Every structure is written in C-alpha cells, then in structure tokens.
Amino acid sequence: MTGRLMGGYSSTKAQEMIQFFAVPGASGKIRLKIEKPLAASSVTIRYKTIPWVSADTINSGTFVANITDDTAYKGPNQWYEMPGLTNGTAYYFKAFTAPNTLLGMNETVCKAGGLTVEYTFDNVSGTTVYDTSGNGKNGTLSNISMVPGKVGNAGKADGNGYCTVPTSAVNYTERTACFFLTPGTLRSGSQSTRIVELEGPGMTTGAMWVCNTDSSHLMLQAIGTATITIPVDINAESWFAMSNSGNVSKFYKDGSLLEAKTGTKTTNQFTDNPCIFNGRSPSSSIGSSSTIDQFRYFNRALEDYELANLYNNGKGC
C-alpha cells in the first residue's frame, strides 16, 4: 500500500515491502512505526519541513533513524519516537535503503504534538488502564473486561461498564477523539444508549459522544449542537473520529471525513472526571455491550491526513 499518507514501496517480492507510519505524539513529538523489508540490510528514515521533490536525495532531509534489525519497530507497541519537534509544524518523511536508493516517491506527513491521552487497552492492571501517551493520564475501569481487539486487546463493557478519564487529559478548547468501536447491543425506544461519551456530570453542551437513535443508527456529537446520524451494523467494528475547532465540528468513519458542521458552542469545559462511557455513565442505568480499542485524545483539531494516518496505523485499511 502506498500513497501520501503512508510511505511504502513494493517490488515483485512481497518480503521487500516497507511500511512506515507517522502519527502525532505527545507535546513536541511524532511517532514512527517502521516495518523493514527483509531483503534490505538497513532502512534510513529522514524528514523535511517542506514536501519532497523528485530531485531530492537521501542527503536532502534531516536524519531520523537507521533501522537495521528486521524486527525493529514491528507490532502494536513498538515505535520510534522523535522528541524536540515544534508543536503544530508539519514534517514530511521518506524511507531510503542503503546506500542511497529512494523507496518510491511516496511520503508520509504528520504534525508534531497534540496527543494528551492514549488507551490501547494493552496495558491494564486491575481497574487501571495505563495511558501510553507518556503523559501519565491513567484511567479507571469499572466492569470492563479485556477481549481481543483491532490491535492487541480491547475493552468490552458488560452493559454496566465505564472508564473515567482525568479532566486534565481532555479539557482543551480544540480537540480530537478517535477510537475503534463495535457498538454491540443498542437500546431502541425513547431512550438512547450512550456508548462513548466525554463529559462532566450534568453537562452535555460541551460533550463529545456517540449514542444510538434506534437499533441500527448512531448519532455522533463533537460539541454543542453539531451532530450527525449514520447507519451502522451493531456487530461490525468501525473507526470513528470527532474533532472540534471553534464552532466547527468534523466527523470521520474508517479514515474518511463524513461531514463538517457548524454548531452553537455554549461551553467546552469538562468538570470533575469525565467518562468514556464504554457501556454507560456512572450516573445512568442505560448501558450497552460495546467494545472499544485504540482510544486517543488530542488537544487540537487534527488534519484529515493525520486522522487517515491514525486509521492506517491501527491496521484499519
């Protein structure tokens, strides 16, 4: 698979394929996941702050890493993390094999910084789900069990489960939330099942949430009055993302933008510890048996290409 959003090169031999992904990391960082082709002795990753052109060589960019181990950076938790970058600046990456052969003219591009909390559900101890963003914003689980997920494990609610998140992890004026979700059993009738929700007690106008309108449709809200309703298969896994910047909300499914909407934003401040209602809120009896994986939250509205990167990195493609 090749393209602007995911660097890659393939030859007639499948073992010579390289894949690399760039996704936003915590403040001032970008994460790279690299899969080196078995036939190559090494792969060198470099970046520029402007797009690459056909006349560029390996020396045109700034050195990132030289990968010599066939198993380096493979798997859901193996990353090369670049520190010391400028928040919000776009960086363009390319891969080279030694000594100076460019692997295609594809590039992967990503802005630095923004990740505030990440729950992969692969790092859980008792009722604690550990934040793998490096920011230490661990969550607390209630009636959530671990099951096989899109990448590693996922969290599954039993119809009465939820996860609380530290307020400091999500309380920003701009934001993006993304995750893999299998809705599970949805309530029909006059009351909806709130499946994934980030809000403080008694506060809905600043919330981000996913709920159902009937047994086969989901409603997504990014903030305020901006919502969309989409049909879903409750037993199928999909990747969703919601972002907010000012009064503009964007909604994504499986790496692609569904719609951008302008809504009335009356507040955006969370109070106390908000929840990922992967099942229900601690103050509600309206539950579901949903499954969530690879939950990430950012303190800025991510670009379309960054969200496509995240979807691809989760092997959703």
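**Two buried positions and the nonpolar cores of a predicted chain**

I45 is buried, with a relative accessible area of 0%, where buried denotes under 20% relative accessible area, exposed over 50% and partly exposed the range in between, for a 1.4 Å probe and protein chains only. The structure is a predicted model, in which local features need pLDDT of at least 70 and side-chain atom pairs count only at pLDDT 80 or more, whereas totals for chains, interfaces and linings use all residues. Residues are numbered from 1 along each chain as its sequence is written, and side-chain values use heavy atoms, with hydrogens and water left out.

I45 belongs to strand 4, which covers residues 43-48; strands (E, at least two residues) and helices (H or I, at least four) are DSSP runs numbered from the N terminus. Leaving aside residues up to four places away in sequence, I45 is in contact with L32, I34, T62, F63, V64, A65, F93, K94 and A95, a contact being defined by heavy atoms within 4.5 Å. One of these partners, A95, is 50 residues away along the chain, yet its C-alpha atom is separated from that of I45 by 4.7 Å.

For the chain as a whole, the secondary structure amounts to one helix and 24 strands, and 53% of the 317 residues count as buried. Among contacts with a separation of 6 or more, 62% are made by residues 24 or more positions apart. The exposed surface of the chain is about 12,400 Å², of which carbon and sulfur atoms supply 47%, as computed by the Shrake-Rupley method with a 1.4 Å probe, with only the protein chains shown counting as cover for residues.

D293, in strand 24 (residues 291-298), is likewise buried, with a relative accessible area of 1%. Beyond residues up to four places away in sequence, D293 touches T120, F121, G149, K150, V151, N153, A154, F179 and F180. The C-alpha atoms of D293 and F179 are separated by 5.9 Å, although the two residues lie 114 residues apart along the chain.

F179 also appears, together with L220, as a residue with the most contacts inside the largest nonpolar core, which has 28 residues; such a core is a set of buried Ala, Val, Leu, Ile, Met, Phe, Trp, Tyr and Cys residues joined through side-chain atoms within 4.5 Å. Apart from this core lies another, of 18 residues, including L32, A65, M82 and C110. Both L32 and A65 are also among the residues that I45 touches.
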